[in-house]
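Welcome! Here is a short guided look at one protein chain, written for someone new to reading structures. Please keep the picture in view as you go through the points.

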Amino acid sequence: MNIYPWQLSTWNEIFLNKVKMPHAQIFYGYKTQEINKFVNELSKSLLCSNPDDQNFSCGKCQNCLWGKTNHPDLKIVDSDLENDNNSNLINISSARDTKKFLELTSHQKNGKKIVVIFDAERLTVGASNALLKTIEEPPDNCLIFFTVKDIADLLPTITSRCRLISLSKPSINEAKNFLVKTDNDDLIDYLELFNNSPIELINEKESISQIHNVLDELKKGEKIDLININKSWLDNGLVWIINLLQKWSYEVLLNKISQGHNYFPKEKNIIHQLALNADLGKLLSYQKTLNEIKMYAQKQVNKEINLNSVMIEYKKIFVE
Ligand SMILES: [Zn+2]
C-alpha cells in the first residue's frame with residue numbers, strides 16, 4: 001500500500017465508482033507531501049493494467065514500470081522552466097501544453113490519459129483560465145488532478161468545476177499506530193508538539209535534541225540566564241525558534257487561564273509552576289510580539305538580535 005493508512009477510507013470512496021470517476025478532481029488538506037503521495041499512487045493505479053482488489057497498482061506491468069516521469073499517458077504539469085526559469089509559477093504556456101497533451105490519443109488502446117498539477121496554488125490566473133474549458137469538456141477518458149494545501153488558493157471558477165476531496169490528518173490513534181509500525185515508538189511523546197502529524201514529526205525528528213536544549217532554559221522562567229542563549233538555537237532558522245517559543249508561551253498562557261495543556265503534556269507540572277509566576281498582561285503581549293516577529297522573520301533580519309530581544313522579554317514575563 002503506497003498511501004498512508006489514514007487515507008485508505010478516502011481511497012476506497014474514490015474507487016466506489018471507478019467507471020464514472022469525475023474527470024476533474026482537487027485533492028487538498030493538511031500536508032502537501034501526504035496529498036501528493038496519494039495522488040501519485042492514484043494516477044499510477046489508474047494507468048496500471050493489473051491493479052489488485054484494493055485498486056493499488058501492481059508495480060510490475062509495463063505501465064507501472066514506466067513510472068511517473070516516462071509514462072506517455074501521464075503528464076505532470078510544472079512551471080515552464082525553459083521560458084521562465086526564475087519562477088515557480090505555472091503559467092499559460094504550461095496550461096496550453098496540457099490541453100494539447102489531452103487531445104492526443106492515448107498510448108494504450110482506450111486507455112486513460114492523466115494530467116496532474118501538484119501544488120496548484122502555483123497556477124497563474126491566465127493558466128487557470130486557459131484550463132477552464134479543458135476541465136469543463138475534457139476529451140474522453142481524460143482525468144485532471146490538482147493538489148493544493150488550501151482550497152481558497154484556487155480560483156472559484158476552477159473549484160466549482162471539480163470534485164473536491166479532502167485528505168485530513170490522522171486521528172491520534174492512527175498517528176500513534178503509524179509511529180509504532182515505522183519503528184518510531186520513541187517519538188510518540190512529541191506528537192502534540194508536531195501538530196499530531198506523524199509525517200511532520202518523522203521528517204523533523206533531528207530537531208528534537210535542539211528542542212530539549214531550548215526547553216531546558218525556558219523552564220527556568222525568571223531564573224533564565226541570558227548568557228546561556230546559544231547561537232545554535234538559530235540553526236533551524238528564526239521562524240523555527242519563534243514557533244517553539246509561541247507553543248511554549250501559549251501553553252503557559254493556556255494553563256494560566258484554564259489549566260489546560262496542548263503541546264507539552266509531559267511538562268505540565270513545570271508549565272503550571274511557570275503559569276503561577278507569570279504576569280497575564282505580559283504573557284498576552286508576548287504572544288503579540290512573537291506574531292509580529294514571525295511576519296518578518298523569513299526576510300533579511302538580524303536573527304541574533306531578534307532572538308535576544310524575545311528572550312529578554314520572555315524573562316520579564318515572570319515576576320519574582
Ligand atoms: Zn501495474
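Two residues are in contact here when they have heavy atoms within 4.5 Å of each other. By that rule, I92, A95, T98, K99 and L102 in helix α4 meet G126, A127, A130, L131 and T134 in helix α5. Keep in mind that this is a predicted model.

**The whole chain**

- The protein chain contains 13 helices and five strands.
- Measured out along the principal axes, its C-alpha atoms fill a box of roughly 80 × 40 × 30 Å.
- Of the 320 residues in the protein chain, 45% count as buried.
- Take the contacts in the protein chain between residues at least 6 apart in sequence: 69% of these join residues at least 24 apart.

**Helices α4 and α5**

- Helix α4 covers residues 92-103 and helix α5 covers residues 125-136.
- The axes of α4 and α5 come within 7 Å and cross at roughly 15°.
- Angles under 35 degrees count as roughly parallel, so α4 and α5 are roughly parallel to each other.
- The crossing of α4 and α5 is right-handed.
- Sorted by class, the contact of α4 with α5 has six nonpolar, three polar and one charged residues.

**Helices α10 and α12**

- Helix α10 runs over residues 238-258, and helix α12 over residues 280-296.
- α10 and α12 pack at an angle of about 155°, and their axes are 10 Å apart.
- How are α10 and α12 arranged, roughly parallel or roughly antiparallel? Angles over 145 degrees count as roughly antiparallel, so that is the description that fits α10 and α12.
- The crossing of α10 and α12 is left-handed.
- On the α10 side, the residues making the contact include L238, I242, L245, Y250 and L253.
- On the α12 side, they include L280, L284, Y286, L290 and I293.
- By class, the contact of α10 with α12 has 13 nonpolar, five polar and two charged residues.

**I293, a residue to find in α12**

- I293 is found in helix α12.
- Is I293 buried or exposed? Buried means under 20% relative accessible area, and I293 counts as buried because its relative accessibility is 4%.
- Leaving out residues up to four places away in sequence, I293 touches L238, I242, N306 and V310.
- L238 and I242 also appear among the α10 residues in the contact with α12.
- The C-alpha atoms of I293 and L307 are separated by 9.7 Å, and these residues are 14 apart along the chain.

**K113, a residue to find in a strand**

- K113 is found in strand β3, which covers residues 113-117.
- At 3% relative accessibility, K113 counts as buried, because the cut-off for buried is under 20%.
- Which residues does K113 touch, not counting residues up to four places away in sequence? They are P72, D73, F101, L102, L104, T105, S106, N141, C142 and L143.
- One of these, L102, is also an α4 residue that meets α5.

**Residues in loops**

- N141, one of the residues that K113 touches, is placed in the loop between α5 and β4 (142-148).
- N141 has a positive phi of about 60°, although it is not a glycine.
- With a relative accessible area of 42%, N141 is partly exposed.
- N195 is placed in the loop between α7 (172-181) and α8 (198-203).
- Phi of N195 is near 55°, a positive value in a residue other than glycine.
- At 23% relative accessibility, N195 counts as partly exposed.
- D235 is placed in the loop between α9 (208-218) and α10.
- D235 counts as exposed because its relative accessibility is 60%, and exposed means over 50%.
- D235 and V319 are 84 residues apart in sequence, and C-alpha to C-alpha they are 30 Å apart in space.

**Cysteines**

- How many disulfides does the model have? A disulfide is a pair of cysteine sulfur atoms within 2.5 Å, and by this rule the count comes to zero.
- C48 is buried, with a relative accessible area of 7%.
- C58 is partly exposed, with a relative accessible area of 24%.

Terms used:
Residues numbered from 1 in each chain as written. Predicted model: local features only at pLDDT ≥ 70, side-chain atom pairs only at ≥ 80, totals over all residues. Heavy atoms only, no water. Buried < 20%, exposed > 50% of the residue type's maximum accessible area, 1.4 Å probe, protein only. Axes fitted to C-alpha atoms, helices over the stretch in contact; angles between N-to-C directions. Helix = DSSP H or I, 4+ residues; strand = E, 2+ residues; numbered from the N terminus. Parallel < 35°, antiparallel > 145°, perpendicular 65-115°, else oblique. Left-handed = near helix turned anticlockwise from the far one by under 90°. Nonpolar A, V, L, I, M, F, W, Y, C, P; charged D, E, K, R; others polar.
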